[in-house]
Structures are given as C-alpha cells and as structure tokens.
Amino acid sequence: MNITKKEIASLVSKKINTTNDEGLFILNSFFQILKKQLQHNDIKLSKFGVFYTKKTKSRIGRNPKTMETYKIPSVKKVFFKIGRAHVWTPVTRSSRMPSS
C-alpha cells in the first residue's frame with residue numbers, strides 16, 4: 001500500500017487538531033530540514049532509522065537505440081537504513097484482539 005504526502009499531512013493534522021494546510025506545512029518543513037541536513041550529515045532518528053547519502057561512481061552509459069555512448073556523472077543519492085527490528089514487527093490478528 002502506498003501513501004501520499006497529502007495523506008500523511010492529513011493524518012498529522014488530525015493528530016494535532018489543525019487544518020490540512022498546516023499539516024502539509026509541517027510535513028514540507030520536515031522534508032526541507034532533512035534535505036538541508038543531508039547535505040552535511042547523516043540523520044539518525046532513534047528507533048526509526050538512519051538517512052544517509054552515498055556518492056555514486058561516474059560510468060559510461062549507452063543509448064540502446066543508437067548505440068551512442070555517453071558519460072553518466074557521479075551523483076549523491078539518499079538512502080535509508082531501517083532502525084531496530086522490534087519497531088517494525090508486523091501486527092498480527094491475535095495481537096489486535098482485545099484481551100478478555
């Protein structure tokens with residue numbers, strides 16, 4: 001299942017009792033902070049995971065139609081490493097049932 005940024009913003013706004021526009025502002029602000037901080041540092045969110053960057057190597061690419069070769073420059077990519085396993089354990093049906 002995929003979830004959109006707009007849906008996340010709506011969930012945030014419901015959680016803190018604000019409008020959807022304010023929830024979207026908070027989410028966009030969070031993404032801007034992530035983007036800015038990742039230019040210099042890794043970002044570790046305890047019990048969630050780590051956002052980090054890696055620089056790819058430059059390489060030679062080829063257009064399969066014309067067989068023309070070209071250089072693909074190195075770029076900085078963002079990766080995410082999931083945090084502790086107990087946070088991500090799947091919810092089973094029995095664990096959702098109310099206890100008697």
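Modeller: Two strands pair if DSSP finds at least two bridges between them; the helices (H or I, at least four residues) and strands (E, at least two) are themselves DSSP runs, numbered from the N terminus. What you see above is a predicted model, where local features need pLDDT of at least 70 and side-chain atom pairs count only at pLDDT 80 or more, while totals for chains, interfaces and linings use all residues. Residues are numbered from 1 along each chain as its sequence is written, and side-chain values use heavy atoms, with hydrogens and water left out.

Colleague: Thanks! Which pattern does the protein chain follow, read along the sequence?

Modeller: Let's begin with the inventory: the protein chain has three helices and five strands. Put in sequence order, these elements give the pattern α-α-β-β-β-β-β-α.

Colleague: Which order do the strands have in the open sheet?

Modeller: Two pairings build this sheet. Strand E1 (residues 43-45) and E2 run antiparallel and share three bridges, and E2 also pairs with E5 in the antiparallel sense, over seven bridges. The twist from one strand to the next averages 25 degrees in this open sheet of three strands. Put together, the order is E1-E2-E5.

Colleague: Which strands stand at the edges of the sheet?

Modeller: An edge strand here has a single partner strand, so one of its sides is left without a neighbour in the sheet. In the order E1-E2-E5, the two strands at the edges are E1 and E5.

Colleague: Which residue is the bridge partner of Ile43 in E2?

Modeller: It helps to follow individual bridges. Leu45 has Gly49 as its partner in E2, and on the other pairing Lys54 is matched with Lys77 in E5. For Ile43, the bridge partner in E2 is Phe51.

Colleague: Which residue in the hairpin of E1 and E2 takes a positive phi?

Modeller: This hairpin has three residues between its strands. Ser46 has its place in that loop and is exposed at a relative accessible area of 64% (buried means under 20%, exposed over 50%, partly exposed in between, with a 1.4 Å probe and protein chains only). In the loop we also find a residue other than glycine whose phi is near 60 degrees, and that residue is Lys47.

Colleague: What distance separates the C-alpha atoms of Ser46 and Arg84?

Modeller: Along the chain, these two residues are 38 residues apart. In space, their C-alpha atoms are separated by 8.5 Å.

Colleague: Where is Asn17 found?

Modeller: Asn17 is not a glycine, although its phi is positive, at about 55 degrees. Asn17 is also exposed, with 70% relative accessible area. You will find it in the loop between helix H1 (5-15) and helix H2 (20-38).

Colleague: On to the rings: how many aromatic pairs does a search of the whole structure find?

Modeller: Rings of Phe, Tyr and Trp (its six-membered ring) pair if their centres lie within 6.5 Å; planes under 30 degrees apart count as stacked, over 60 as edge-to-face and the rest as tilted. Ring pairs link Phe48, Phe51 and Phe80 into a cluster. Across the whole structure, the number of aromatic pairs is four.

Colleague: Why is the pair of Phe30 and Phe31 called tilted rather than stacked?

Modeller: The ring centres of Phe30 and Phe31 are 5.9 Å apart. Phe30 is partly exposed at 37% relative accessible area, and Phe31 is partly exposed too, at 35%. The pair is tilted because the planes stand at 50 degrees.

Colleague: And is the pair of Tyr52 and Phe79 stacked or edge-to-face?

Modeller: This pair links distant parts of the chain, with Tyr52 in strand E2 (residues 49-55) and Phe79 in strand E5 (residues 76-82), 27 residues apart. Tyr52 is partly exposed at 23% relative accessible area, and Phe79 is partly exposed at 31%. Their ring centres are 5.8 Å apart and their planes are at 25 degrees, so the pair is stacked.

Colleague: Which residue lies over the face of Phe79?

Modeller: A charge sits over a ring if NZ of Lys or CZ of Arg is within 6 Å of the ring centre and within 35 degrees of the ring normal. For Phe79 the distance from the ring centre is 5.3 Å, and the residue is Lys54.

Colleague: Last one: what percentage of the residues of the protein chain count as buried?

Modeller: The protein chain has 100 residues. Of these, the share that counts as buried is 11%.

Technical notes. Axes are lines fitted to C-alpha atoms, for helices over the stretch in contact, and angles run from 0 to 180 degrees between N-to-C directions.
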